[in-house]
Amino acid sequence: MERVTVNLRDRSYPIYIGAKILPEVGSLARPCDLSGRGALITNPVVGELYGQQVLCSFERTGIALTLLEVPEGEEFKTLQTAGDLYERLLPLGLDRRSPIVALGGGVIGDLVGHVAATFMRGLPLIQMPTSLLAQVDSSVGGKVGVNLPQAKNMVGAFYQPRFVLSDVSLLSTLPPPEFRAGLAEVVKYGVIADRPFFEWLEENMTGILEGREEALIHVVRTSCRIKAAIVEQDEKDEGIRGVLNFGHTVGHALEAVAGYGVFRHGEAVAVGMVAAARISCQMGLCSEEVPSRLQAILQRIGLPTALNIKPTKLIDAIGYDKKIRDSMSYFVLTKDLGSVTVAPVFDPLEALEGLSAT
Ligand SMILES: NC(=O)c1ccc[n+]([C@@H]2O[C@H](COP(=O)([O-])OP(=O)(O)OC[C@H]3O[C@@H](n4cnc5c(N)ncnc54)[C@H](O)[C@@H]3O)[C@@H](O)[C@H]2O)c1
Ligand SMILES: [Zn+2]
């Protein structure tokens with residue numbers, strides 16, 4: 001079993017990564033000073049596949065978890081679902097050391113994390129991410145929260161878990177489009193911080209797409225290391241953590257313009273990363289090698305890379321992006337594979353029009 005530590009002083013925690021390690025979650029929880037009663041929160045799809053194994057593992061450690069399910073889907077990542085969970089947690093007689101275990105993709109991780117952060121002013125959280133996106137991204141760094149009808153992830157907290165357990169064997173049941181979408185964030189880590197990792201991805205993509213477990217472990221471990229190193233410098237997202245938004249300015253705009261649910265997040269980010277790399281090239285920040293190798297690897301994964309929406313529509317949507325400061329559009333731009341900078345793009349419309357012409 002691999003272990004990546006997220007070093008955040010008194011909020012530090014390990015991420016355990018491996019294949020077929022899910023049954024070990026109970027014993028990993030043993031040193032966490034938890035009480036004998038808690039809740040396992042998941043959705044019906046993931047619960048059916050893995051819920052019992054998790055319950056049994058905790059039972060062997062002397063912790064009785066009550067299984068609570070919420071309906072599947074982003075549309076249930078709401079205050080209403082959180083409120084419903086509070087009501088269902090209340091009769092369980094939990095105390096301050098009762099664990100709340102989140103078993104699922106990023107939707108479950110964010111929602112259950114929010115509930116753990118707020119119920120009884122905070123209960124110990126254990127993240128068991130089951131989608132690739134959740135294993136490489138959403139379970140790392142402590143952002144938890146729910147959506148408002150008008151805006152995603154608008155209500156929430158920074159709340160670090162006691163530990164994260166990522167079992168890559170669980171990815172075998174993930175629908176392939178979800179797996180591919182998660183790979184967009186993995187490619188992102190290579191581009192923003194680690195050229196050798198980007199090149200390793202280029203060389204090993206066949207094995208990754210075939211689901212080879214050693215390859216997946218390397219993917220998850222390296223991604224977690226990169227994200228952890230960034231989060232450690234900027235836990236509350238006030239500076240450097242912004243580089244994680246590479247591809248997300250255009251990506252978020254695309255999601256909003258197309259209508260939420262049309263593009264998976266990773267698909268929109270794939271398009272956004274190529275757009276950002278091409279803009280970087282236009283601005284003379286990097287060579288053509290960067291967007292072309294980026295586009296090639298994303299296409300090999302089966303992700304979209306072309307901007308097929310009118311740039312004027314995107315610009316309106318970029319106006320709502322949370323990263324906008326002083327009415328200029330800040331983009332995460334590539335200097336090379338493995339190196340980015342955050343800089344204003346003075347006329348994003350012109351830059352984007354340049355792209356759709358190519
Ligand atoms: N907190 C953060 O830092 C952060 C970062 C990125 C994304 N997010 C959030 O993550 C969410 C997206 O997460 P996601 O892409 O994991 O989507 P998701 O949670 O909806 O999961 C995708 C689908 O796969 C299913 N699934 C998950 N694991 C499975 C498995 N092992 N086998 C079979 N089916 C499985 C789910 O039921 C769902 O239908 C969004 O709400 C986004 O805002 C949060
Ligand atoms: Zn993302």
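**Figure 1. Who sits around ligand 1.** In this predicted model, 25 residues surround ligand 1, and the closest are Glu72, Glu74, Thr130, Ser131 and Thr173. Sort the shell by type and you get eight nonpolar, eight polar and nine charged residues. Helix 2 (44-60), helix 4 (106-118), helix 5 (132-138) and strand 8 (151-158) each chip in at least two residues of this shell.

**Figure 2. Polar contacts to nitrogen atoms of ligand 1.** Which residue puts a polar side-chain atom 2.7 Å from a nitrogen atom of ligand 1? That's Thr130. Asp110 joins in with a side-chain N or O atom 3.0 Å from a nitrogen atom of the ligand. Lys143 uses its backbone instead, with a polar atom there 2.8 Å from a ligand nitrogen. On its own, ligand 1 has 870 Å² of accessible area, and the protein covers 86% of that.

**Figure 3. The zinc ion (ligand 2) and its donors.** Three residues coordinate the zinc ion at 2.0 to 2.1 Å: Glu185 through OE, and His248 and His265 each through NE2. Along the chain, these donors follow the spacing E-x62-H-x16-H. Glu185 belongs to helix 6 (residues 176-193) and His248 to helix 9 (residues 248-258), so this pair links distant parts of the chain, 63 residues apart. Are Glu185 and His248 buried or exposed? Both are buried.

**Figure 4. A look along helix 9.** His248 has buried company in this helix: Thr249, Val250, Gly251, Ala253, Leu254 and Glu255 are buried too. Just past the end of helix 9 comes Gly259, with a positive phi of about 95 degrees.

**Figure 5. Two salt bridges across the sequence.** The whole structure holds 22 salt bridges, and here are two of them. Glu74 and Lys152 meet through their side chains, with N and O 3.8 Å apart. Glu74 is in the loop between strand 4 (64-69) and helix 3 (79-89), while Lys152 is in strand 8, 78 residues away. In the other bridge, Lys143 pairs with Asp237, and their closest N and O atoms are 2.7 Å apart. Lys143 lies in strand 7 (residues 143-148) and Asp237 in the loop between helix 8 (213-233) and helix 9, so the bridge ties together parts 94 residues apart in sequence. Lys143 is partly exposed at 37% relative accessibility, and so is Asp237 at 30%.

**Figure 6. Another salt bridge, plus a network.** Arg212 and Glu214 form a salt bridge, with their closest N and O atoms 3.4 Å apart. Arg212 is partly exposed, at 39% relative accessible area, whereas Glu214 counts as exposed at 54%. Elsewhere, salt bridges with shared partners join Arg195, Glu199, Glu202, Glu289, Arg293 and Asp336 into one network.

Note on methods: Residues are numbered from 1 along each chain as its sequence is written. Chains are lettered from A and ligands numbered from 1 in the order in which they are written. This is a predicted model: local features need pLDDT of at least 70, side-chain atom pairs count only at pLDDT 80 or more; totals for chains, interfaces and linings use all residues. Side-chain values use heavy atoms; hydrogens and water are left out. A residue is near a molecule or strand if one of its heavy atoms lies within 4 Å of it. A polar contact is a pair of N or O atoms within 3.5 Å; within protein, one must be able to donate a hydrogen and the other to accept it, and residues adjacent in sequence count only if both atoms are side-chain atoms. Accessible areas come from the Shrake-Rupley method with a 1.4 Å probe; for residues, only the protein chains shown count as cover. Helices (H or I, at least four residues) and strands (E, at least two) are DSSP runs, numbered from the N terminus. Ala, Val, Leu, Ile, Met, Phe, Trp, Tyr, Cys and Pro count as nonpolar, Asp, Glu, Lys and Arg as charged, and the others, Gly among them, as polar. Donors are N, O and S atoms within 2.8 Å of the metal (3.2 Å for Na, K and Ca); water is not among the atoms, so sites may look incomplete. Buried means under 20% relative accessible area, exposed over 50%, partly exposed in between (1.4 Å probe, protein chains only). A salt bridge is a side-chain nitrogen of Lys or Arg within 4 Å of a carboxyl oxygen of Asp or Glu.
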